[in-house]
Amino acid sequence: MTRTLLLAATALVAILPMTATAQQGQKAISANLATNPFAKPSTLPFEAPPFDKIKDTDYQPAIEAGMARQLAEVRAIDATKAAPTFDNTIAALERSGRMLDRANNAFSAVTGANTNDTLQAAEKALAPKFAAHADAINLDPKLFARVGALYDKRAALKLDPEQAMVLQLTYENMVRAGANLSPADKVQLSKLNSQLSTLETDFQQKLLAGTKAGALVVDDQAKLAGMTDAEIAAAAAAAKERGLAGKYLLPLQNTTQQPALAEIKDRATRQALFDASWTRSEKGDANDTRADIAELALLRAQKAKLLGFGTWADYVLQNQMAKTPGTALGFMQQLGRPVAVEQRREAADLTQLIKQQGGDFAVTPADWNFYSEQLRKAKYDLNQDELKPYFEIQKVLSDGVFYAANQLYGVTFKRRTDLPVWQPDVMTYEVFDADGSHLGLMYFDYWKRDNKSGGAWMSNLVGQSKLLGTSPVIYNVANFTKPAAGQPALITFDDVTTMFHEFGHALHGLFADQAYPSVSGTSVARDFVEFPSQFNEHWALDPKILPHYAVNYKTGEVIPQSLVDKIKRASAFDTGYSFGETLTAAELDMSWHSLTAADGKQDVDAFEKKALAATGLDTRDVPPRYRTSYFRHIWANGYSAGYYAYIWTKMLDENAYDWFEDHGGLTRANGQRFRDMILSKGHTEDYAPMFRAFYGADPQVAPLLKSLGLNADGSRIAEDGPSRSARKKDD
């Protein structure tokens, strides 16, 4: 997942008296520029933020001063007496806001990965100000007149393709932000947007607090039977950190299912852990998110109506690859039928296993992973604990993630310990291109903390831009369980996949080769941005890559082929659950954002129940990966009406991987082609033609279904059937 600030239009500063705004801006600048570390570009290599010099109290004044400075820059564009040209209007707009970007990129990093009360207070204070700032630009009639004049004569401007795209997107984004609305409607729009920005921040902070408070505390170690000694030690250490010495604490990850549910033998403890996860944000306390959600859904529907769209989903998908909610839903429904068949099969198999062991109950979500892991072991002789010794995190990063990137793209990595970081666990690397030239800088922050948002993501501290002369400074964040002191840093294969996934986003950013920051790197549609990241997951199991990093930390033994074969044979196991929970979450998201303004405010629990029932999937046994009340992607992280993107881009990914398999697999030539035609393009082209140029055709659902081990009718593909690439040729 990418984590970016979306400067959507939100509150209306543009119609305030400009003298008052200018006075406020000048006061902010004069008061804070003298000593603020963001006042000037960083003098560190590659303009990396000086985290050792930044105080928590520096961010808000720097951001406010940065807003004022950018407004002054925009007003200077407005006041230009010369007729609008691409350089004096569009390029000037692209150059604006440098101080704001410096401060906010660093602020976004620390508030996501290492927040505290001071930073959270700043978030709340700044949310409506960001909204106001965006409107001051997007709803500026003088600026829009200049942009519109250029857009109207764009065919005669002799722009290069990137410039033409930047002009088109600038115009379209201003229209989508409300630039064509009447003055009265702009006032109404900014009122809605100010409320939205405040609610989204409030939701995120409540969820973080609720997730921390929802951790399961266990008094008796016997109740954790099934977990490894290292995991139990980590739980004891986590409890001690919270002043609960002698007890055991299982922190919640962001998803519905929790890793320990696959191991804990005691059914009551499993149920308690599942319930803690399921109800984390629905306890009727200060961290309950449901009131915020009901208001957010209504306000988004009202905003969509004001902008001329039937629903928020209609508004969001207009500039995505899928274009319409109907296309996205039709795509998901093609998958829903076969996945539902598989879910019923899997639930029946697990219930049968329970009965064989003397149980008198049907499988529940709290039981699912515990019994599916047993079935996996029985069917494939694959024990997840048997895998962990082969995945030491530093080895995975250096000899897996980095090595794959080297083999595909020729890039190399050098550890940097001279650059300050936001938390001691963060690691930094400089990235070099195949010719030895500097390419970018990477930060990695992998271990879970109570003050870190859940999940995993990538974003930029500095964006790539030839216009600005900047190279990418990128970070990956995850939430892996940190080992107790003295224990090896072993991770699961799912964690390994997450590392490859997030580094796929990083490659998309590192290989950016654009002049203009607004179309650089990962500045692409939601249903395209997850394509490079999901595609990069494939190399975790590639025979040229896996033996290079999967080495037993004790013995130095390379992972045996017999174990690799088990992993591959088991890769389509339990896909009804693993894929189905994501599909259900995507449909739940689309249901919420298919409401019209006339539908009014919803009862969150009742709406969720009705929406889940309408999916046709087995939501009783296979709950959504994210429940409405803790679905941070859609309520705070910019994926509203866009969570389907993970599945859509999985389709793109599987089609692209088919191409690789049909053309020799992992080679430098193939990697360079993918870099040149996808990873380095940013948003300089439309997505469908870009993909078609690489793949040779439009994407199809069949390769995605086959990667799940399913036929279109829901029947399973025989495990001893033809290879993946051969099956493609049989289509």
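Student: Which residues does Leu 408 touch, not counting residues up to four places away in sequence?

Tutor: In this predicted model, Leu 408 touches Trp 539, Phe 660, Leu 666, Thr 667, Arg 668, Gly 671 and Gln 672. Leu 408 itself is found in helix H16, residues 393-409. With Arg 668, the C-alpha to C-alpha separation is 4.6 Å, although the two positions lie 260 residues apart in sequence numbering.

Student: Why is Leu 408 called buried?

Tutor: The relative accessibility of Leu 408 is 0%. A residue is called buried when its relative accessible area is under 20%, so Leu 408 counts as buried.

Student: What makes Thr 575 count as buried?

Tutor: Thr 575 has a relative accessibility of 5%. The limit for the term is under 20%, and therefore Thr 575 counts as buried. This residue is found in helix H21, residues 575-592. Leaving aside residues up to four places away in sequence, Thr 575 touches Glu 342, Glu 346, Gly 580 and Leu 708.

Student: How do you know that a polar atom of the side chain of Thr 575 and the backbone oxygen of Ala 572 form a polar contact?

Tutor: The two atoms lie 3.4 Å apart. A polar contact requires a pair of N or O atoms within 3.5 Å, so the distance of 3.4 Å satisfies that limit.

Student: Why is Pro 543 called exposed, whereas Asp 381 is called partly exposed?

Tutor: Pro 543 has a relative accessible area of 59%, and exposed means over 50%, so Pro 543 is exposed. Asp 381 stands at 49% relative accessibility. That value is neither under 20% nor over 50%, so Asp 381 counts as partly exposed. Pro 543 is found in the loop between helix H18 (526-536) and helix H19 (546-549), and Asp 381 in the loop between helix H14 (365-380) and helix H15 (384-387).

Student: What is noted about the phi of Asp 381 and of Ala 641?

Tutor: Asp 381 has a positive phi of about 55 degrees although it is not a glycine. Ala 641, likewise not a glycine, has a positive phi of about 55 degrees. Ala 641 is found in the loop between helix H23 (632-635) and helix H24 (645-662). At 0% relative accessibility, Ala 641 falls under the 20% limit and therefore counts as buried.

Student: What makes the strands S3 and S6 edge strands?

Tutor: The sheet is open and consists of 5 strands in the order S3-S4-S5-S7-S6, with mixed pairing. Strand S3 (412-416) and strand S6 (457-462) each pair on one side only, and they are the edge strands. On average, neighbouring strands of this sheet are turned by 30 degrees against each other, direction ignored. Helix H17 (residues 493-510) packs on the sheet and touches S3, S4, strand S5 (438-447), S6 and strand S7 (473-480).

Student: How do you know that S3 and S4 pair?

Tutor: Pairing requires at least two bridges. S3 and strand S4 (residues 427-432) are joined by 5 bridges, so they pair, and they run antiparallel. Arg 415 has Tyr 429 of S4 as its bridge partner, and Arg 416 has Thr 428. On the other edge, S6 and S7 pair in the antiparallel sense over 5 bridges, with Asn 460 opposite Ile 474 in S7.

Student: Why is S4 described as largely enclosed by the rest of the structure?

Tutor: The description applies because 6 of the 6 residues of S4 are buried. Met 427, Tyr 429 and Val 431 point one way from S4, and Thr 428, Glu 430 and Phe 432 point the other way. S4 also pairs with S5 in the antiparallel sense over 6 bridges. These two strands form a hairpin with 5 residues between them, and Gly 436 in the turn has a positive phi of about 90 degrees.

Student: How many cavities of 30 Å³ or more does the structure hold, and what lines the largest cavity?

Tutor: The structure holds 4 such cavities. About 170 Å³ of space lies in the largest cavity. Its lining comprises 19 residues, of which Leu 207, Leu 208, Thr 211, Lys 452 and Gly 454 lie nearest its centre. Helix H8 (residues 183-213) contributes the largest share of that lining, 5 residues.

Terms used:
Residues are numbered from 1 along each chain as its sequence is written. This is a predicted model: local features need pLDDT of at least 70, side-chain atom pairs count only at pLDDT 80 or more; totals for chains, interfaces and linings use all residues. Side-chain values use heavy atoms; hydrogens and water are left out. Helices (H or I, at least four residues) and strands (E, at least two) are DSSP runs, numbered from the N terminus. Axes are lines fitted to C-alpha atoms, for helices over the stretch in contact, and angles run from 0 to 180 degrees between N-to-C directions. Contact means heavy atoms within 4.5 Å. Buried means under 20% relative accessible area, exposed over 50%, partly exposed in between (1.4 Å probe, protein chains only). A polar contact is a pair of N or O atoms within 3.5 Å; within protein, one must be able to donate a hydrogen and the other to accept it, and residues adjacent in sequence count only if both atoms are side-chain atoms. On a 1 Å grid over the protein atoms alone, a cavity is a set of points where a 1.4 Å probe fits but cannot get out, and a pocket is an open set with protein on both sides within 12 Å along at least five of seven lines; lining residues have an atom within 4 Å of a point. Grid points are joined across faces, edges and corners, and a volume is the space filled by probe spheres set on the points.
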